[in-house]
Amino acid sequence: MLKKLFRSQLGPLFALLIIVLFFSLADYAFSEGYFFSARNFRVIMSSASLIAVPAFGMTIIIIAGGIDLSAGTALTLSGTVLALLLKNSSVAAGDPGFAWTMCLALAATVFTGALCGFLNGGLISATKVVPFIVTLGTMTIFLGVGQIIASESTVYAPKENIPVWLRYLCYTGSNGENYLISGLPISTSVIIAAVLAVLVDLLMRFSVFGRNVFAIGSSESTARLCGINVPWTVVAVYTLSGFFVAIGGLLYFADVKNGNPSDGSGKELEIIAAVVLGGGSLSGGRGSIFGTLVGALIITVIRSGCSQLSIPNTYTHIIIGGIIIVAVIVDQLRHGSPEWFFRMLPKSEDR
């Protein structure tokens, strides 16, 4: 029975509901009661989408038994490329011909993220070096490349060069006209995350590619014996993840209105944490897009709740870190480890 509880896919959702209830009551008792407001939930949803979109790609990687420590710096590198192209645009957003500039900037942003993923996947497949080491190296490479093209400073695109739709992509204010669907106060970034979530979930559930990814994560040697082209599938997984990282870079730029390569340091831990908190297994073979969405919400709800209660960021980091460790321990328990824990359980327990 205990093991069944650990295997439950609804565990992260229950954890999210408990965390929301806790901060709602704590904020009502000790603060101004702003946490349980519509505006705060719009902010939480938008902030969660910034983590969830790149985490979709990380989910696929982790299901395949890999990891990508370069996701954060690749994300801000993509955002910096977008900021640079908009900054250097000779035409403003309202001028004729800007559509071509914007299309070029978006294509370059997506290409940058996908190229970062392709390099990671290619190096891992060609050298057989563990993904942790390869992506640890490319993490600093992408940071360095970003700092070079940004001349080691933050890139600010002029306001007149940022189109309205991009300016309000992460809008969470009270003016209903600034939302994608006028009068429906849901941030466009949330809608993008929801659409991508559905598409990736369908890809992983009903495509041959999705089944191959699960097979590789469960047992790479067995997948190879079954005729799966493991090296190219790994390259495809990391390249696809790079695409989501690039979309994350677009959302990052829309949120802060600039490009700073140094902002990426630490983001990879948030992205990985969203997958783990959502039930993804670092051992490979298990994970879900729904779980990743819940994991991203858990992180942002904790941050928002701590902010409402005026808890310093240092303690917020400790709380999130502690919850991540608990999530990893729960993942180990799902695999029946550690053995000494289950040996201590009564024999009558359904294990």
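In the next few minutes I will go through a surface patch, an internal cavity and the salt bridges of the structure shown above, which is a predicted model.

Let me begin on the outside, where Phe111, Leu115, Phe118, Leu119 and Trp232 together make up a nonpolar surface patch with an accessible area of about 550 Å². Helix H5, which covers residues 98–127, gives the largest share of this patch, namely four residues, while Trp232 belongs to helix H11, residues 230–256. Trp232 has a relative accessibility of 58%, and because the cut-off for exposed is over 50%, Trp232 counts as exposed.

Moving now from the surface to the interior, what does a search of the whole structure find in the way of cavities of 30 Å³ or more? There is one such cavity, and the volume of the largest cavity comes to about 40 Å³. Its lining consists of Asp68, Ala74, Gly113, Cys116, Gly117, Asn120, Tyr238, Ser241, Gly242 and Val245. Sorted by class, four of these lining residues are nonpolar, five are polar and one is charged. You will recognise two helices from the patch here, since H5 and H11 each contribute at least two residues to the lining of the largest cavity.

That brings me to the charged side chains, and to the three salt bridges that a search of the whole structure finds. In general terms, side chains of opposite charge can pair when their charged atoms come close.

In one of them, Arg205 pairs with Asp201, with 2.8 Å between the closest N and O atoms; both residues sit in helix H8, residues 188–206, and are four residues apart, about one turn of the helix. Arg205 is exposed at a relative accessible area of 54%, whereas Asp201, at 23%, is partly exposed.

Helix H10, residues 220–225, holds another pair, Arg224 and Glu220, again with a spacing of four residues, or about one turn of the helix. Here the closest N and O atoms are 2.9 Å apart, and both partners are partly exposed, Arg224 with a relative accessible area of 41% and Glu220 with 38%.

The remaining bridge joins the side chains of Glu270 and Arg303, at 2.0 Å from N to O. Glu270 lies in helix H12, residues 267–277, and Arg303 in helix H13, residues 289–308, so this pair ties together parts that are 33 residues apart in sequence. Arg303 is partly exposed, its relative accessible area being 32%.

Terms used: Residues numbered from 1 in each chain as written. Predicted model: local features only at pLDDT ≥ 70, side-chain atom pairs only at ≥ 80, totals over all residues. Heavy atoms only, no water. Patch = residues over 30% accessible without salt bridge, like charges linked within 9 Å, V, L, I, M, F, W, Y side chains within 5 Å. Areas by Shrake-Rupley, 256 points an atom, 1.4 Å probe, with all protein chains shown as cover. Salt bridge = Lys/Arg side-chain N within 4 Å of Asp/Glu carboxyl O. Buried < 20%, exposed > 50% of the residue type's maximum accessible area, 1.4 Å probe, protein only. 1 Å grid on protein atoms, 1.4 Å probe; cavity = no way out; pocket = protein on both sides within 12 Å on 5 of 7 lines; lining within 4 Å. Points joined across faces, edges and corners; volume = space filled by probe spheres on them. Nonpolar A, V, L, I, M, F, W, Y, C, P; charged D, E, K, R; others polar.
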